[in-house]
Structure formats: C-alpha cells, structure tokens
Amino acid sequence: MSKDSLIPNSKIFFFSGPVVKGKFASSFLQLFSILGLASVTIFFVANAYIQKALTSHSENMPVQSELELAQASQGYVLQASTIQTANPNASEDSKRLLNWISNLPNRTDTRVISGQHAGSSSFERQYQTHIVDLSVRTGKYVGLMGLDLAWMDRNHATDWPEALPIIIDYWNQKGLISISWEAPNPAGSGIVNMAQLTTPGNATYNRWMTELEDTARKLAELQTAGVVVLWRPLLEMNLSRSSHWWCQASQQDFVNVWRHMFDFFTKDKELNNLLWVYSPATSSSSTTYYYPGGQYVDIVGQTFYIQNNPLSGIGNRGYNALTALGKPYALSEFGPGTGSTPPAIKTFNYQTLINGIKEYCPKTTYFMSWYEERAIYNQNNASGLLNDSWIITREEVDWKPTENVIFYDINNDSRLDILDLTYFLQNWGTPTPSRLDFNNDKIINSADYKILVNTLSL
Ligand SMILES: [Ca+2]
Ligand SMILES: [Ca+2]
C-alpha cells in the first residue's frame, strides 16, 4: 500500500484533518474527553496497528484460492471483538442481542436495561399492574419484562396461553424478555437425587424429561414468533437445601443437569433463541461454585436484595467473582427488603438502585426488579429511576440496527463508533474473505479504512 494514502487519515487520532467531522467527530471528542486514559490507550493501540500495517502488508495480497472463495460463501470471518454465544447455532438475532448487551458498559449513558418481573400465576393481572400501570404513572415502559414458568406448567393449562400473546407483543414493541424457571419437583416432593435427572431408566428422569419437553414446546412457540429469551433456569442453586429442590446439589451433579438441559434444548430441540443466564444467589463464597462453564452460559447474574444498604458490599458478595468470568453481568433478580421479608409499600426510593449501580457495580447490564411489594410500581421514585440517563427503557432498546449499520458494525453491538475503527485497525491484515473488505476487492487496505472512516463521519 501507499504510505501516503494511509498516514493522512491517521490524523483522526490527532483531531485534525478533513476526516474528523459530523456526528462521528462529535461522539469521538465526547468519548475522548470522558474516557480520558482509555482513549489514550486506544490511540496508542491504534497507532501501533497502523505501524504494523504499514510494515507488514502490501497492496498486492495473493489472489484468493478457490478454497478460500468457497469459504467466503460460508460467511464472514469472525472478528475477535465479537462475543460468541454459548450455543454455536444461536440465531442471528440472539447473537446480535448478546453483543449489544455485552457492549453496554462501554457507553457513557443509556447503558443499564430497566427490568420488571411480572410474576408467574395470574400473569395477565400482574403484567397490568407491574408493567402497564407503571408506564401510565411514569410515561415509560421498562426495557425488559420478566416472568417465571412456575405456575404455567402442565397443571395450570390456561396461564401460558394467556401469557404468550402478551410476551410476543412486548417483544414486538422493542421490549426484551427474561424467563425464569422454578421447575416443578421431578421427584414429586422432598429431596431429589440430582444424578437421576441425567440417567435414563428411572421415574424421576422420566418426569424430568416430560417437564423439559413441555418447557421446550413453550420456548419453541416464542422462537417461531421471533422472540429471543434471556433464559434463567435452576436459579439460586447455592441457597440452602430447603429453598429449591435443585439447591446444594453436588457440584458435578448440578453442572451435569445444567449441561444436559442445555444440550437437550439446543441440540435436540434446536432452540436457538435462548441466551443462557447463570444466576446464583448473593454469597461471599459460592456464587461461581456451580458455574457450568463458559460454553454453557451467555450472561451471569445474581439475586440481590439490598435491605437498607444500597448495593455497597456487592463487590465481595458476587459482583467481583461473577464479572471475572468474562460474561456480561446483571442484577438478574433485585429487590428491596430481605429474601424472606419484603419492605412495606412506598418505603424504598428506587433511584437508590441506579445510584448504587453507578457507584458499586457499573458493569451491570440490566436489573430485574422482583414483583409485588418489591416492584418499582409499589415503591417510591419510579420516575427518578426510569428517567435516569443510565437507564434504558423500552423506547431506547436499540439492538436491532439498519442494514447499513450491520454492514459496518465490526463488533456487532449495533452502533457505529470509535470501537469499530479500533477493531478494524486491530484486525488489519485479516485474511480475506473478511467483513473488513468493505469494497469487496479481496484486499483489506487503506481503501477499506477510508470507507469506514467516511461512514462513521456521516
Ligand atoms: Ca459497533
Ligand atoms: Ca478492500
């Protein structure tokens, strides 16, 4: 390549030159001023890659072999900056939604999805109070609606048909969907021998498989409707034995049951619309003990009830250990009060939650407020919470981009910004076929760089 053709464009990192203009320049300058040292790091990394590109690549890259051209038809070369779903066959929407969620902590605002659980039984009534009435009061719908399949099982035949159209409509209005599953006891009652759930040839196994079949059917109905689900099964597995029948199993038995469900749903049932949420209860020691592995989990979270102490102390009670797993993190079940005792109505200031997230757990990508007394609707300052600049409401859920954005969005977070330019430079020289070859001339060079820069400055 011609060095002269690239060097002038690299002036973008010095805030001069004609390529820095319009919205991109504005957002870049904003990022630079806010992120400070982080942007300086990007500057050095980017320049290092420019220098590497200048010295190690030429305009005259080899012509593609027939084999490589055949591979091109299989899709783009994946970039290191793309977060992979645990299920390799996850739908494109599932993959893009996970990347969007993963990148939320990179933002300066609109970075925490607001969530409200709407219960399980009598779902329609609970949806009306917790979600709709809340929107009437605040002018905002929460970005994420939650429910639990408990009380929607085979013994409660009317609840699921009642919930299904509400879920689909919420999704079609840009809302995200979280479904927990406090599964019925496959042993009927009492202690369950967890090893039996993955070993055919016993009555407990047979009942468990019947429950999995029934649940898979419901999730398949959502897949048919195009709904991606944040799927949160076997939650709070580190609580005391009396809390849920799957609690305090042996580590290996629990991991086996999780992986068995994962394989059954993704391989046998081809449910490619699930993002798998690992969600223990708050603990200073055991939040990662039952982690089934990065190949079986997309998002990590925890149940957190704050009592009178707004999120301080969460670092050593789950946040540090869970975020270290390298997955997006969530307050996947949140509420004021203790686990067993909810607060009185209208005694908790809900703005405390987002203020606590900013101070103590800023990597939080979403929260899911629990229902009834703990719900946003039943406590104070719902408007203060939902109008905070960090909060994402349903109107602000923007994971689904236009075709043009998809084409240039290298890190798949549905935004065109400095991160894409950084990743482009980091991946300079990627063998074609590559999505970095924007002009489709089988070479990744300064021409593609110019196209990206011009796109970002539109
Ligand atoms: Ca992007
Ligand atoms: Ca090219």
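Is E124 buried or exposed, and how many other C-beta atoms lie within 10 Å? E124 is exposed, because 12 other C-beta atoms are found within 10 Å and a residue with 12 or fewer counts as exposed. The views below show this residue and other parts of a predicted model.

**View 1. Surroundings of E124 in helix α6.** Helix α6 spans residues 123-138 and contains E124. Beyond the residues up to four places away in sequence, E124 touches E162 and I166. D159 is 35 residues from E124 along the chain, and the C-alpha atoms of the two are separated by 8.5 Å.

**View 2. Strands β8 and β9 with helix α11.** Strand β8 (residues 329-335) and β9 run parallel and are joined by three bridges. In this pairing, L331 of β8 stands opposite F367 in β9. Helix α11 (residues 351-360) completes a right-handed β-α-β unit with β8 and β9. Strand β9, residues 364-369, is mostly covered, with six of its six residues buried.

**View 3. The largest nonpolar core.** This core has 93 residues, and I177, V229 and L275 have the most contacts inside it. Helix α9 (residues 251-268) gives the most to the core, namely six residues.

**View 4. Contacts of I177.** Leaving aside neighbours within four places in sequence, I177 is in contact with M145, I167, Y170 and W171, and also with V227, V229 and L230. Of these partners, V229 is also among the residues with the most contacts inside the largest core.

**View 5. A second nonpolar core.** This core is separate and has 13 residues, including L436, I443, Y449 and L456.

Technical notes: Residues are numbered from 1 along each chain as its sequence is written. Chains are lettered from A and ligands numbered from 1 in the order in which they are written. This is a predicted model: local features need pLDDT of at least 70, side-chain atom pairs count only at pLDDT 80 or more; totals for chains, interfaces and linings use all residues. Helices (H or I, at least four residues) and strands (E, at least two) are DSSP runs, numbered from the N terminus. A residue is buried if 20 or more other C-beta atoms lie within 10 Å of its own, exposed if 12 or fewer, and partly exposed in between; C-beta atoms are placed from the backbone. Two residues are in contact if their C-beta atoms, placed from the backbone, lie within 7 Å. Two strands pair if DSSP finds at least two bridges between them. A crossover is right-handed if, with the strands pointing away from the viewer, the path from the first strand over the helix to the second runs clockwise. A nonpolar core is a set of buried Ala, Val, Leu, Ile, Met, Phe, Trp, Tyr and Cys residues joined through C-beta atoms within 7 Å.
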